[in-house]
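Me: I am new to this structure and should be grateful for a close look at one part of it. Please describe how two packed helices meet, and then what surrounds several individual residues elsewhere in the chain.

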Amino acid sequence: MSPLDCSLSSTAALTAAWRFVDGGFGYSAPQLFVLVLDRRARVAGPVIQLYDEHQAAAPEDELLGLLVERLAETLKEQAPGGGVALMKARPGHSSVLTAADLRWCRALHRHLQAAPFSSRPLFFASDAGPRIVAPDELIG
């Protein structure tokens, strides 16, 4: 059974799911992954993978606002009462967040906090693999 077939209600289950999505092959470009979850924290659709080569240094608030709006619509139609899980990823072997990574993660966090749906802890991945973004990294 794939980790994506299980409830992602625990941090351990979510970490296993992101490891599965990550695949251990590294990244060719900055990306954002989204899992839409139903009310039981089960994946309710395909993994959404967005490349952000043009937004690698800093996300645009308008773009993130539009993403949150579309996710809210998707949840309303496909998984009422559900939520999302997100993972920001980029090439490189260091799992230490760069200034650009911090801008992205903090902006994502801000938008998710204001969203009309729930979200799981934010994850970050590099070629070294996925990890949770610590709460103190999201404050800045």
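Reply: The account below begins with the helix pair and then turns to single residues in loops, in a strand and before a helix.

The model is predicted, and every value given here is computed from it.

The helix pair consists of helix 2, covering residues 61–78, and helix 3, covering residues 99–114. The two pack at an angle of about 45°, and their axes are 10 Å apart. Helix 2 is therefore oblique to helix 3. The crossing of helix 2 past helix 3 is right-handed. On the side of helix 2, the contact is made by Asp-61, Leu-64, Gly-65 and Val-68. Helix 3 contributes Trp-104, Ala-107, Leu-108, Arg-110 and His-111. Sorted by class, the residues of this contact are five nonpolar, two polar and two charged.

The loop between strand 1 and strand 2 comes next. Strand 1 spans 31–37 and strand 2 spans 48–51, and Asp-38 lies in the loop between them. Asp-38 has a relative accessible area of 17%, and because the limit for buried is under 20%, Asp-38 counts as buried. The side chain of Asp-38 reaches the backbone nitrogen of Arg-40 at a distance of 2.9 Å. When residues up to four places away in sequence are not counted, Asp-38 touches Ala-44, Ala-79 and Gly-82.

Ala-41 also has its place in the loop between strand 1 and strand 2. Ala-41 is buried, with a relative accessible area of 2%. The backbone of Ala-41 has a phi near 65°, which is a positive value in a residue other than glycine.

Ala-41 leads on to Cys-6, since the two are in contact. Cys-6 is found in the segment before helix 1, which runs over 11–22. With neighbours within four places in sequence left aside, the contacts of Cys-6 are Met-1, Ala-41 and Arg-42. A relative accessible area of 29% makes Cys-6 partly exposed. Cys-6 and Ala-17 are 11 residues apart along the chain, and their C-alpha atoms are separated by 8.6 Å.

A further loop joins strand 3 (83–89) to helix 3, and Ser-94 has its place there. Ser-94 counts as partly exposed, at 37% relative accessibility. The side chain of Ser-94 reaches the backbone nitrogen of Val-96 at 3.1 Å. Apart from neighbours within four places in sequence, Ser-94 is in contact with Phe-124 and Ser-126. The C-alpha atom of Ser-94 is separated by 18 Å from that of Thr-15, and these two residues are 79 residues apart along the chain.

Phe-124 is a contact not only of Ser-94 but also of Gly-129. Gly-129 is found in strand 6, residues 129–132. Gly-129 is buried, and its relative accessible area is 11%. Beyond the neighbours within four places in sequence, Gly-129 is in contact with Asp-22 and Phe-124. Between Gly-129 and Lys-88 there are 11 Å in space, C-alpha to C-alpha, and the two are 41 residues apart in sequence.

The last residue to consider is Pro-121, in the loop between strand 4 (118–119) and strand 5 (123–126). Pro-121 has a relative accessible area of 34% and is partly exposed. Not counting residues up to four places away in sequence, Pro-121 touches Leu-14, Leu-86 and Ile-132. One of these, Leu-14, is 107 residues apart from Pro-121 along the chain, with the C-alpha atoms separated by 8.7 Å.

How values were computed
Residues numbered from 1 in each chain as written. Predicted model: local features only at pLDDT ≥ 70, side-chain atom pairs only at ≥ 80, totals over all residues. Heavy atoms only, no water. Axes fitted to C-alpha atoms, helices over the stretch in contact; angles between N-to-C directions. Helix = DSSP H or I, 4+ residues; strand = E, 2+ residues; numbered from the N terminus. Parallel < 35°, antiparallel > 145°, perpendicular 65-115°, else oblique. Left-handed = near helix turned anticlockwise from the far one by under 90°. Contact = heavy atoms within 4.5 Å. Nonpolar A, V, L, I, M, F, W, Y, C, P; charged D, E, K, R; others polar. Buried < 20%, exposed > 50% of the residue type's maximum accessible area, 1.4 Å probe, protein only. Polar contact = N/O pair within 3.5 Å; in protein donor to acceptor, adjacent residues only side chain to side chain.
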